[in-house]
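User: Could you take a close look at one part of this model for me? I'd like to hear how the sheet in the second chain is put together and what packs on it.

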Amino acid sequence: MNKKIIIDPVTRVEGHGKVTIHLDEYGQVQDSYLHITEFRGFERFIQGHPYWEAPVLVQRLCGICPVSHHLAASKAIDQLVGIDPPDLSPTATKLRRLMHYGQVFQSHALHFFYLAAPDLLFGVDAPVEKRNVVAVAVENRDLALKGITMRKFGQEIIRAVAGKRIHGILSVPGGVHKTFTPEEREYFLDGKKIESIDTMIEWSQAIVDFMREYHGKNRKFLDEFAEFPSGHLGMVADKGGLELYDGRLRAIDAEGRVTLDDIPADLYEEYFSEAVERWSYMKFPYIKKLGRENGWNRVGPLARINMCSFIPTPLAEKARQEFVAFTGKKVNNSTLYSHWARLIEILHCAEAMKELLHDEELMGDDLVRTGIPRLKGIGVIEAPRGTLTHHYEVDEKGMITRCNLIVSTTNNNDAMNAAVRWVVKNVINRKGTITDGMLNQVEVAIRAYDPCLSCATHAIGRMPLKAEIYNHEGELVDERYKA
Amino acid sequence: MKENWWMSDTKPEERKILLVGIGNCGRGDDGLGWSFVEAITDGNYHFLDYEYRYQLQVEDADLIAAYDTVIFVDASQEVIREGFEITPCVPAGPYSFTTHALDPGAVVYLTNTLFHKYPAAYVLAIYGVAWELHCGLSPEAESNLSAALGFFRENVLPAMQQERIAEVLLEEPEDFEVLPG
């Protein structure tokens, strides 16, 4: 009998999605899908608002990565007042970078310590009561305390420059509205009131080392789990260095061949299309010249580490080289290596924040610049989860007439579906029976991409995820729901 | 509020009690928690600190570890006959959760486990009925909010000043006169 298995909700991700597994008449897996069932219409309702509201409004897409949306929108809105990234004052650029590194640092810490750590520490077959951060806190107090403190540090950076840890405001069209003070700088450097930036670097290095050892002990599983060929997309600076705030787009294929080289981010429309499927509200971006079938890419930490030529901070670059040497491959296509890559980026962000905190220009007073207004602006940024694009067009009065958002999780849509298919075919299909641990492995595969489904669909409300099994006649024969 | 208040060395000694409003004021009565805290902040009570949250998260365990008493204020979808209720917040151990958000009991549990701090914790639940995208409370929620505020101002705030809050909050709700707003 054909059956369809549905996992709904998928846990420890942000957003509401559903996995359906279709079995044939012999009980073998025929196909599987990750459905994103939320719909919000954010791109539509922002139309008609004045352009200067965009960086504030779009933050409400998410409570986890509002800074990324704020900055991507700000880069686009800068162009509407005639300011391209090189025209921004050094102080404004550095303050935005500091905020961005703080955001990536805290978001990556949240994902690793709160969401991924239970799978890594207790195993993917662990009982459900162990698969959460509270269990991590009980079993490894030191790790949990470090996680909380690191996330707090990133949030304090955001609060220092934007006034609030969530939904704060730094950018205004053409710049920023405040500078940094010596008192604020000392707060992060001296370690008296919170742990210092040096401690953050030390802890980041330690957790990278932990992960390298973890991979050494669990290599076979981590190499094989949800390994599949794909393209990898991200932003690079001059000479191909890792770049999170402003650069050009580069993509490589599964073998490391360059498929897009140093494309100006604001030309994304010339190089990318977005496909839609009946079974998901989330779109499927792909490189036009490679087509829908072959042109999709992974984005996020693993993609960035794969496609950059180097990391411009010394400790993170050393960690990247160790990562590459460990895998022995030019390109790593194993899903669970995302966690290691994410930790290397944590280290990079800590180093970059230290560099900025010692930069006198951070405390300058040249905050806002203006140019000749335009009717179109496109801002691209490397958000924690990957490449994030904000595109706005306005009329002569400055009212938004068009908005297109391609968020990181949307870029990972095909990759997450491929990861789910791998687990379904290699774990569920092989065993014959379906256990809770097997279903958790479907979630583990999705979770490695740190998806924010509420951002991807711009959805709102309660956001669990679900699993269902359908037979060959399309009848629901089993389902699991985690609220 | 003083600029950069968050960089102060420690909380002032007299601030021992934290009010945490939980919810989303853009979702109708889900804004009850925030509305309650906002109304109380108008009184400028020196012994109270305030925070607003869409969701509680793990790091809030660190926040509440600095206080002797914490009161979480949240909207309730479950019917509460009196319109509101205050109950002790029982630490809740390991359990499965679906997103980054935690319940008050889990946050208190983490505070106990990670920081070895044991603040007295309570949940003030206020009954709401409307949850759609909308700013502002329903008439029923407004009425329940007024009742909760009346009770709080008449009974809990004086108890806080006299440092006998536990004595007041742990009594049976029937012992209190619920005042109209």
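**The chain B sheet**

Analyst: Let's start in the middle of things: strand 1 (residues 17–22) and strand 3 (residues 69–76) of chain B run parallel and are joined by 5 bridges. If you want a spot to find that pairing by eye, go to Ile17(B), which sits opposite Thr69(B) in strand 3 of chain B. Bear in mind that this is a predicted model.

Now zoom out to the whole sheet. It's an open one with 5 strands, in the order 2-1-3-5-4 (chain B), and the pairing is mixed. At the edges you'll find strand 2 (48–53) and strand 4 (84–88) of chain B, each pairing on one side only. Going from one strand to the next, the twist averages 20 degrees.

Then there are the helices. Helix 1 (residues 32–41) of chain B packs on the sheet and touches strand 1, strand 2, strand 3 and strand 5 (120–127) of chain B. Its direction makes about 140 degrees with that of strand 1 of chain B. Helix 4 (residues 139–161) of chain B lies across strand 1, strand 4 and strand 5 of chain B, and it runs at about 155 degrees to strand 5 of chain B. So strand 1 of chain B, where we came in, is touched by helix 1 of chain B and also has helix 4 of chain B lying across it. Strand 5 of chain B is on both lists too: helix 1 of chain B touches it, and helix 4 of chain B lies across it.

How values were computed
Residues are numbered from 1 along each chain as its sequence is written. Chains are lettered from A and ligands numbered from 1 in the order in which they are written. This is a predicted model: local features need pLDDT of at least 70, side-chain atom pairs count only at pLDDT 80 or more; totals for chains, interfaces and linings use all residues. Two strands pair if DSSP finds at least two bridges between them. Helices (H or I, at least four residues) and strands (E, at least two) are DSSP runs, numbered from the N terminus. Axes are lines fitted to C-alpha atoms, for helices over the stretch in contact, and angles run from 0 to 180 degrees between N-to-C directions. Two residues are in contact if their C-beta atoms, placed from the backbone, lie within 7 Å.
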